[in-house]
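This report takes up a few local features of the structure shown here, beginning with its strands and ending with a single loop residue.

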Amino acid sequence: MTPWTGLTNQTPLQKFLDSRNTAEYQVRHGEIARMDEAEMLNSYDLTECKHCGSTDFISYGRNRYGVKRYRCKSCGKLFSIVTNTVFDNHKIPISEWMEFMLGVFRFQSFQSIGRSLRITDTTVKYWISKLFLLLSDYQNDIVLRGDVQIDETFYKVIKKDIRKRDETHEYRGLSKNQICIGIGCDASHTLCIIEGYGKPSRKSTAEVFSNHIEHGSNLTHDEEKAHNILVEMLGLSSRTFNAKALKGIKDDDNPLDKINEKCRLLKRFLYAHSGFDRSCLQDYLNLFSFICNPPCDHFEKVEKLLLIALKSPNLLKYRDACWF
Ligand SMILES: [Zn+2]
C-alpha cells in the first residue's frame, strides 16, 4: 500500500509509484510463484497419510494453489504434501520463505527481513517458531572429531533479569548475570549449547560436550580446568594455551584462532537479534550452528531446511515464538 492506493485523484507520478508498488507486490505473492511451487511440491510422492500415517489413501484433486490433495481412507481427512508443515495453510509462496531464510543466513534480523519482504509480523513470528521447532534437534547428532577446539563465551541476561549485589551494584565478572555458552568446533562443524550461568564447572562441561566429541580426539583449548573432565572421560589428547598470553597474536599464528573466530561470529549473530527473549537462546544457538555447518552454500542450506520441513511430521505443536 502507498498513501495513494485507491485514490481517484492520483497525480501521474503517484499513479506510477503506486502501480509499481502493486506490481512488485503481486509478483512476490503472485500466481507464477504459485504455479512453479505447485509443480515442485507435486514432484514429491506421499507414502502415508499426514494425519494418521495410514498408507490407505486416494487422490482427491488439487487445492486452490494446484497442489495435489489426497483423502485418507482410514481417518477420512484430506491432506497434501504441506499438511502439518511450516507451509501448511500458507498464504505466502515458498519462494518468499526462501528469501526470508537467505536473509537469516546473512545475519539479518528477522524484523528487518520481514520488513523488506513486506511480510506481516504475525507471519514472521509464525515462521520463526516453526524454524526453531525444525532445528530443535539439529545439534543432537553433531560429533566433533579429529582436531577439536572448545571454549566458553558469555552473554549477558537482559536488564530486568540482572541480579544485584545490593541496591546499586551488579555482580561483576562471570557472575550469575552472564549466560555461559559452550562452543566447540572441528574442521567442519560447530556446536553451540547453553551451559548455565557464570563460570563453567566440570559437570556443566561434561553435560554439554561429552556426547559431542569423539573418543580419542585432539583437544585444543584454554586453561579452563573444567575441561579436564572431557580429557579424562573421552581419552582426549590435550593441548592448552593461555588465552591471555595469546591476545594480540595474529590469527594465523594463534592456535585458538578457530574457536575464537566462532565466538566472534556468534557474538555478531546474537547482536543482530539483540533484545530477543533469553528463554529462546538455545533456539538461536541451534540456528547459529545450522548456519555455520555444511552445506556452506546458502541455497543448499535452504534446500536442506525445505527437505526437513516437508518431511517433518512434528510441526503440530505451536509454541509462542521468541523473536526480535
Ligand atoms: Zn489418515
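## The first hairpin

Which glycine in the turn of the hairpin formed by β1 and β2 has a positive phi? In this predicted model, the residue is glycine 66, whose phi is about 90 degrees, and the turn belongs to a hairpin with 5 residues between β1 and β2. The two strands pair in the antiparallel sense over 4 bridges, with β2 covering residues 68–72, and phenylalanine 57 has cysteine 72 of β2 as its bridge partner.

## The second hairpin and the sheet

β2 and β3 also form a hairpin, again with 5 residues between the strands, and here glycine 76 takes a positive phi near 80 degrees. The pairing of β2 with β3 is antiparallel and runs over 2 bridges, with tyrosine 70 standing opposite phenylalanine 79 in β3.

Taken together, the 3 strands form an open antiparallel sheet in the order β1-β2-β3. Its edge strands are β1, residues 57–62, and β3, residues 78–79, each of which pairs on one side only.

## Arginine 278

Arginine 278 is found in the loop that connects α9 (257–272) with α10 (281–292). Because 16 C-beta neighbours lie inside 10 Å, arginine 278 counts as partly exposed; a buried residue would need 20 or more, and an exposed one would have 12 or fewer.

Arginine 278 can also be placed relative to isoleucine 179, from which it is separated by 99 residues in sequence, while the C-alpha to C-alpha distance between the two is 9.3 Å.

Terms used: Residues are numbered from 1 along each chain as its sequence is written. This is a predicted model: local features need pLDDT of at least 70, side-chain atom pairs count only at pLDDT 80 or more; totals for chains, interfaces and linings use all residues. Two strands pair if DSSP finds at least two bridges between them.
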